[in-house]
Amino acid sequence: AEALGMTDLNGGALFNAEFGIKHRGSTVPERSGVALSFCRRLGYYKPYFLTLGLLAGAGIYFGWTVDEAYLTPVMFMTGLCIGGVMPLFMISPALIKSIGPKYAGAAGGIMTTLMLIGAVFIPAIVITPLGGDNYQLIFALSGGCLILMGLCAQLLPEFGPKARRSAAPQPALK
């Protein structure tokens with residue numbers, strides 16, 4: 001609040017409003033299937049994960065530093081990026097050939113557990129002690145986590161529709 005020249009009360013109200021706007025931004029792709037539809041047309045998921053991870057990380061960082069006039073669009077864009085990645089991450093175990101539908105439940109449970117541990121312990125044990133009262137650093141580290149998520153997704157095997165089609169055995173010609 002102080003960085004934007006506001007009282008604590010006004011800053012708290014602004015945070016609550018912006019959280020609501022970001023939440024609405026993340027709800028749009030999660031509820032509408034936009035992300036899945038876009039990735040099916042693109043055919044590959046890894047570039048999508050990387051792009052949205054980079055944009056979400058930048059949005060988290062710059063959402064703290066931008067002028068008030070740009071705060072709402074930046075937060076909405078950040079919500080769209082986060083909301084566009086999460087549903088695809090949640091279905092990814094079933095799409096990876098070596099896991100498939102047979103082990104998707106167990107893999108999804110492990111993945112969800114690790115995501116929740118990361119959502120609690122990384123902010124509480126790593127980001128907050130490193131950032132202290134420096135909100136610029138806290139938001140930079142938070143944005144860095146989203147960028148790291150996009151980079152780590154590049155370690156997954158490609159499981160988009162075009163990758164699955166090219167990996168399918170081709171019928172033998174007679």
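The bend of a helix at a residue is the angle between two axes, one fitted to the seven residues ending there and the other to the seven residues starting there. The legends below describe close-up views of a predicted model.

**View 1. The bend in helix 4 at Phe89.** Helix 4, which runs over residues 68-95, bends by about 30° at Phe89, and a proline, Pro93, follows within four residues of that position. Helix 4 has 28 residues, and the distance from its first C-alpha to its last is 41 Å, close to the 40 Å expected at 1.5 Å a residue.

**View 2. Helix 3 and its buried residues.** Helix 3 covers residues 46-65, and its end C-alpha atoms are 29 Å apart, which agrees with the 28 Å that its 20 residues should span at 1.5 Å a residue. Several residues of helix 3 are buried, among them the glycines Gly53, Gly57, Gly59 and Gly63, and the list of buried residues in this helix also includes Leu52, Ala56, Ile60 and Trp64.

**View 3. The surroundings of Lys46.** Lys46 has its place in helix 3 and is buried, yet this lysine has no salt bridge. The nearest side chain of opposite charge belongs to Glu158 and is 5.5 Å away, and a salt bridge would require a side-chain nitrogen of the lysine to be within 4 Å of a carboxyl oxygen. The side chain of Lys46 does, however, reach the backbone oxygen of Leu156, at 3.1 Å.

**View 4. The aromatic pair of Tyr45 and Phe49.** A search of the whole structure finds two aromatic pairs. In one of them, Tyr45 and Phe49 meet edge-to-face, with 6.4 Å from centre to centre and 65° between the planes. Tyr45 is buried, because its relative accessible area is 2%, and Phe49 is likewise buried, with a relative accessible area of 0%.

**View 5. The aromatic pair of Tyr61 and Phe62.** Tyr61 and Phe62 also form an edge-to-face pair, in which the centres are 4.9 Å apart and the angle between the planes is 75°. Tyr61 is partly exposed, with a relative accessible area of 27%, and Phe62 is partly exposed as well, at 44%.

**View 6. Pro101 in helix 5.** Pro101 is found in helix 5, which runs over residues 100-131. With a relative accessibility of 72%, Pro101 counts as exposed, since residues over 50% are placed in that class. Pro101 and Ile91 are ten residues apart in sequence, and the distance between their C-alpha atoms is 10.0 Å.

Conventions
Residues numbered from 1 in each chain as written. Predicted model: local features only at pLDDT ≥ 70, side-chain atom pairs only at ≥ 80, totals over all residues. Heavy atoms only, no water. Phe/Tyr/Trp six-rings, centres within 6.5 Å; stacked < 30°, edge-to-face > 60°. Buried < 20%, exposed > 50% of the residue type's maximum accessible area, 1.4 Å probe, protein only. Helix = DSSP H or I, 4+ residues; strand = E, 2+ residues; numbered from the N terminus. Expected span 1.5 Å × (residues − 1). Lys, Arg positive; Asp, Glu negative; His and termini not counted. Polar contact = N/O pair within 3.5 Å; in protein donor to acceptor, adjacent residues only side chain to side chain.
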